[in-house]
Amino acid sequence: MTNRHERIQHYLDHMCVQVKASEVHNDLRDELGNHMEEMMLDKEQEGYSEEEAIAYAIEQMGDPAVVGKSMHRLHRHRMHWRLLTGLASLLIISLLLTWIYTTNISVERFQFLYKSHLLYTIVGLVLMVFLMYFDYQKWKKSAWWIYILLSGMLWINPLVSPFDYGVQRFWSIFGLTIDLTTISMWVLPLAIGAIMMDKLRTKCDVQSVSTYILLVALPSFSLFQASDWVRLFPFGMATIILFAWITRKWFYTFVGAAITGSVTMIQLFLSGEYRRFERLSVVLDLQNDPLGNGYYNQTIMNILHSAGWWGNGSDTSLDHFTGFYMDYPGVMLIDVFGWLAGIMLLLGIVWFLTSMLKMLPRVLDEFGRMIVFSITMMFALQMLYSLAMTTGKVPIVSVTFPFIGFGSHVILEYAMMGLLLGVYRRKDTISLRSKQGEPITTMSK
């Protein structure tokens, strides 16, 4: 190594000390070191000596501490405070509604739910913080193993999972209950996207498309066998939209999806099991079966009519909703606080989803963009349909309202939000080497 390189290396070492994100140190050495080399070569061609060219380059670059601090401002870990603010608001709403419900319901077995929900929330927040600080790029290497594990568990699910309201969702392992189909709905699209993204982006041929379809079809069949249509439809929609986003072939994707969806809906409606057709078509004529399949729709609309702008107050009895009211937190929010609270919730959810979508152009790493797109899409599907159920005008199904609905699903939702925030946190610290997957000629040690 020449004296010139040693002096430049010394300068770059002092500069990198100020940059806390060590992931970009080599990139900064490449960029700034090459720039200094170019300045030195120009000066040597003008007749400067080697020492004079080095001194000139260092002088032009400026104090390494100052340069390093400016690089740190550009390449540092970031928090998405807007999303965290929105998440904190949903957390407060969730805990408030659960507390109101448990203190205003006469059914004794529902009066102890607050502690359970608080525990789910704490566990979810711990997972969120962990995934926020975990290097999300490491998940890509585990995508195949995650896919094989979840697909295998779904495959044997009918043998080990009991029926719960006609659906095989839950596994009980060592005293812990795992919502297998909900986990699969969230995680499998991420695993499939990680496996196939590079292949589909570089060569969208028959083999790649067939592989993607097969990867989606296997867990779809298992969800069908488990009779969990509520998780099957979001999973199918998410993987279809994800395929269109990856390949940029929106028209052909949705033509194929329309055909597949039509066949699936025919299968759903022709199946007499659990009277699905009657349960879904009741919204076309709610008066036809007001005390049967249309009961929840009618109850919701009656509550909305009685709530008014300011609601019935936090001390109102909640026994008028015969089912589990926390399955419809949007309705309960309006019942207690009125239409104005419902409108604010709608606007808040739109703002929350828009904030997530705005992350996409800011994330340059393709794998990170795929994570953001997939998670945002799944939140959007659930939140928007949950809001639609709040009107009583759509089929009432067991779609949970993310974050504010009661249940262990909030653990997974906080975890997914942590993964998304982790992508944003590292968006300015991803090394060019990891993006390009190949070494770069550098002057680093």
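Colleague: What makes the largest nonpolar core a "nonpolar core"?
Modeller: The term needs buried Ala, Val, Leu, Ile, Met, Phe, Trp, Tyr and Cys residues, joined through side-chain atoms within 4.5 Å. Buried means under 20% relative accessible area, with exposed over 50% and partly exposed in between (1.4 Å probe, protein chains only). The largest set of this kind has 103 residues, so "core" is its name here. Tyr101, Phe379 and Met417 have the most contacts inside it. Another core lies apart from it, with 19 residues, including Ile8, Leu28, Met40 and Met61.

Colleague: What kind of model is this?
Modeller: It is a predicted model, where local features need pLDDT of at least 70 and side-chain atom pairs need 80 or more, while totals for chains, interfaces and linings use all residues. Residues are numbered from 1 along each chain as its sequence is written, and side-chain values use heavy atoms, without hydrogens and water.

Colleague: Which residues is Phe379 in contact with, leaving aside neighbours within four places in sequence?
Modeller: Contact means heavy atoms within 4.5 Å. By that rule, Phe379 is in contact with Trp186, Leu353, Met356, Pro402, Phe403, Glu413, Met416 and Met417.

Colleague: How much of the chain is buried?
Modeller: Of its 445 residues, 49% are buried.

Colleague: Why is the largest cavity called a cavity and the second largest pocket a pocket?
Modeller: Both are sets of points on a 1 Å grid over the protein atoms alone. In a cavity, a 1.4 Å probe fits but cannot get out; a pocket is open, with protein on both sides within 12 Å along at least five of seven lines. One cavity of 30 Å³ or more is counted. The largest cavity holds about 50 Å³, and the second largest pocket about 810 Å³. Volume is the space filled by probe spheres set on the points, which are joined across faces, edges and corners.

Colleague: Which residues of the pocket lining are closest to its centre?
Modeller: A lining residue has an atom within 4 Å of a point. The second largest pocket has 30, and Ile183, Val187, Leu412, Ala415 and Met416 are the closest to its centre. Helix α9 gives the most, seven residues. Helices are DSSP runs (H or I) of at least four residues, numbered from the N terminus.

Colleague: How do the lining residues divide by class?
Modeller: Ala, Val, Leu, Ile, Met, Phe, Trp, Tyr, Cys and Pro count as nonpolar, Asp, Glu, Lys and Arg as charged, the others as polar. The pocket lining has 25 nonpolar, four polar and one charged residues. The lining of the largest cavity has six nonpolar, three polar and one charged.

Definitions and conventions
Helices (H or I, at least four residues) and strands (E, at least two) are DSSP runs, numbered from the N terminus.
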